[in-house]
Amino acid sequence: MSLICAITNEVPDIAVVSPFSGAIFEKRIIEKYITENGCDPINGKEMKIEDLIEVKTPPIVKSKPPSATSIPATLKTMQDEWDALILHLFTQRQKLQTTRQELSHALYQHDAACRVIARLNKEVAAAHEALATLKPQEGIGASIASTTIPQPAIAAEAGGIATQPVEKTGMSTDVIQKLQDKPTLLTQERKKRGRTNGTVTGLSFHPTGDYVLSTSSDKHWAFSDIRTDRLLTKVIDTAEVGLTTAQFHPDGLIFGTGTDDSHVKIWDLKEQSNVANFPGHTGPISANSFSENGYYLATAADDACVKLWDLRKLKNFKTIQLDDGYEVKDLCFDQSGTYLAIAGTDVRVYLSKQWQDLKIFNIHTTLATGVRFGKHARYIASTSMDRTLKLYAVE
């Protein structure tokens, strides 16, 4: 079996092996590399020429040293130049790989920064709009305050203490009945405007904070205005199956719903249409959550697993298999998209991209029903059927 140099990919004249990486090298080339860089070219560990171990091979008969003007001397010079070129190419490949990784990381950070800037611009615009609507009201209040309105009590103070009615007649039965009837009537009108024929199974607030999305077992999803208490639209599912979950995308233009028949559906809010479907689960969908950068969607059902979907490619790229019989009731990404929390039989935290479980909390005595991250993921809050709220933080 021939020995091959890890740098030149050729059979070495004098073979040596690195004790740190176990790779084979041509002695003259690796000595030049160590002299210039002082480390193993394979794993980057610090190494000296004395650390090299020579491999015993059959001796090669060489010709006498050539003179400076002979053809062998020219070939020797060309060999030295070739060795230097190979070393240079090897170093450049390593630098190119490092530069690619740094560029990928920088592009990811730039994309995240653009999203944050866009969101801040939207919040600033909303604040300016709210301020513009408040200014006319302040003007009205100032004009009212500047207007002198005669007050009987103040006018009477010139002649003594102002007289006030002191007779107490009490509230009659008619007055009390009228006070009770009005709230009942208003409640009935509100229920008529947003009534569903089934149980509400999911709620999600729009990023603007003005609207709420709800799903129901009556096969409909509804979009309502919180401030005016009005139902804006109500749409039936395309497959006419019961809906189980609701979750807005971070940009607020699309949202996801789960169904009783194991499907996850993506909807366009403006068009009010179903634009994508994700099959693959078994049993009704129990939870779904979008990552903050908007690239990924995590879903869970009654099949004891969590599936991760790439919204750019519309496909499942990872499945986290949980213990048999594990129930998932809620999913949540933190604001940076670094962590994913699962609430159900217990509370678990996973590291995104590697999808490794970092911590499992068995503090609740019964099923955990919800989980959320605090600011900058400094703590986690969970709720449970044991009627308790638990907070977890690093000590």
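A disulfide here is a pair of cysteine sulfur atoms within 2.5 Å. By that rule, this predicted model has 0 disulfides. Cysteines do turn up inside the structure, though: C5 is buried at 1% relative accessibility, and C39 counts as buried too, with a relative accessible area of 16%.

**The chain overall**

The chain is rich in listed elements, with 4 helices and 22 strands. Of its 395 residues, 33% count as buried. If you take the contacts with a separation of 6 or more, residues 24 or more positions apart account for 35% of them.

**Around E26**

Let's start close to the N terminus, with a charged residue. Is E26 buried or exposed? E26 is buried, because its relative accessible area is 6% and the cut-off for buried is under 20%. E26 sits in strand 2, which covers residues 24-26. Setting aside neighbours within four places in sequence, E26 is in contact with C5, V11, P12, D13 and I14, so the buried C5 shows up here again as one of the contacts of E26. T8 is 18 residues away from E26 in sequence, and their C-alpha atoms are 8.1 Å apart.

**An open sheet and the core it feeds**

Further along, strands 16, 17, 18 and 19 form an open antiparallel sheet, in the order 16-17-18-19. Strand 16 (328-333) and strand 19 (356-361) are the edges; each has a single partner strand, so one side of each has no neighbour in the sheet. From one strand to the next, the twist averages 20 degrees. Strand 16 and strand 17 (residues 339-344) run antiparallel and are joined by 5 bridges. Within that pair, L331 has I342 of strand 17 as its bridge partner.

Which residues have the most contacts inside the largest nonpolar core? They are V306, L308, V328, L331 and L340, in a core of 16 residues. Four strands each supply at least two residues of this core: strand 13 (296-301), strand 14 (305-310), strand 16 and strand 17. Strand 16 gives the most, with 3 residues. The core also crosses a domain assignment, drawing at least three residues from each of domain 2 (197-321) and domain 3 (337-394).

L331 makes a handy probe of this region. Leaving out residues up to four places away in sequence, L331 touches A287, N288, S289, A298, T299, A300, V306, A341, I342 and R372. That list includes I342, the bridge partner of L331, and V306, which is also among the core residues with the most contacts.

A second, separate core has 15 residues, among them V16, I30, I34 and C39.

**Three hairpins**

Three strand pairs make hairpins whose turns hold a residue with positive phi.

| Hairpin | Residues between the strands | Positive phi |
|---|---|---|
| Strand 8 and strand 9 | 5 residues | G252, about 80 degrees |
| Strand 20 and strand 21 | 5 residues | H376, near 60 degrees |
| Strand 21 and strand 22 | 4 residues | R387, near 65 degrees |

Strand 8 (residues 243-248) has 5 of its 6 residues buried, so the rest of the structure largely encloses it. Strand 8 pairs with strand 9 (residues 254-259) in the antiparallel sense over 5 bridges, and F248 stands opposite F255 in that partner strand.

Strand 20 (residues 368-373) and strand 21 (residues 379-384) also run antiparallel, joined by 5 bridges. Here R372 stands opposite A381 of strand 21, and R372 is one of the residues touched by L331. Strand 21 then pairs with strand 22 (residues 389-393), again antiparallel and over 5 bridges. In this second pair, T383 has L389 of strand 22 as its bridge partner.

**Backbone angles worth a look**

Most residues other than glycine have a negative phi. H376 departs from that, with a positive phi near 60 degrees, and so does A377, with phi near 55 degrees. H376 lies in the loop between strand 20 and strand 21, and A377 is found in the loop between strand 20 and strand 21 as well.

How accessible are these two loop residues? H376 counts as exposed because its relative accessibility is 53% and exposed means over 50%. A377 is partly exposed, with a relative accessible area of 23%.

Definitions and conventions. Residues are numbered from 1 along each chain as its sequence is written. This is a predicted model: local features need pLDDT of at least 70, side-chain atom pairs count only at pLDDT 80 or more; totals for chains, interfaces and linings use all residues. Side-chain values use heavy atoms; hydrogens and water are left out. Two strands pair if DSSP finds at least two bridges between them. Axes are lines fitted to C-alpha atoms, for helices over the stretch in contact, and angles run from 0 to 180 degrees between N-to-C directions. A nonpolar core is a set of buried Ala, Val, Leu, Ile, Met, Phe, Trp, Tyr and Cys residues joined through side-chain atoms within 4.5 Å. Buried means under 20% relative accessible area, exposed over 50%, partly exposed in between (1.4 Å probe, protein chains only). Domain bounds come from an automatic or database domain assignment. Contact means heavy atoms within 4.5 Å.
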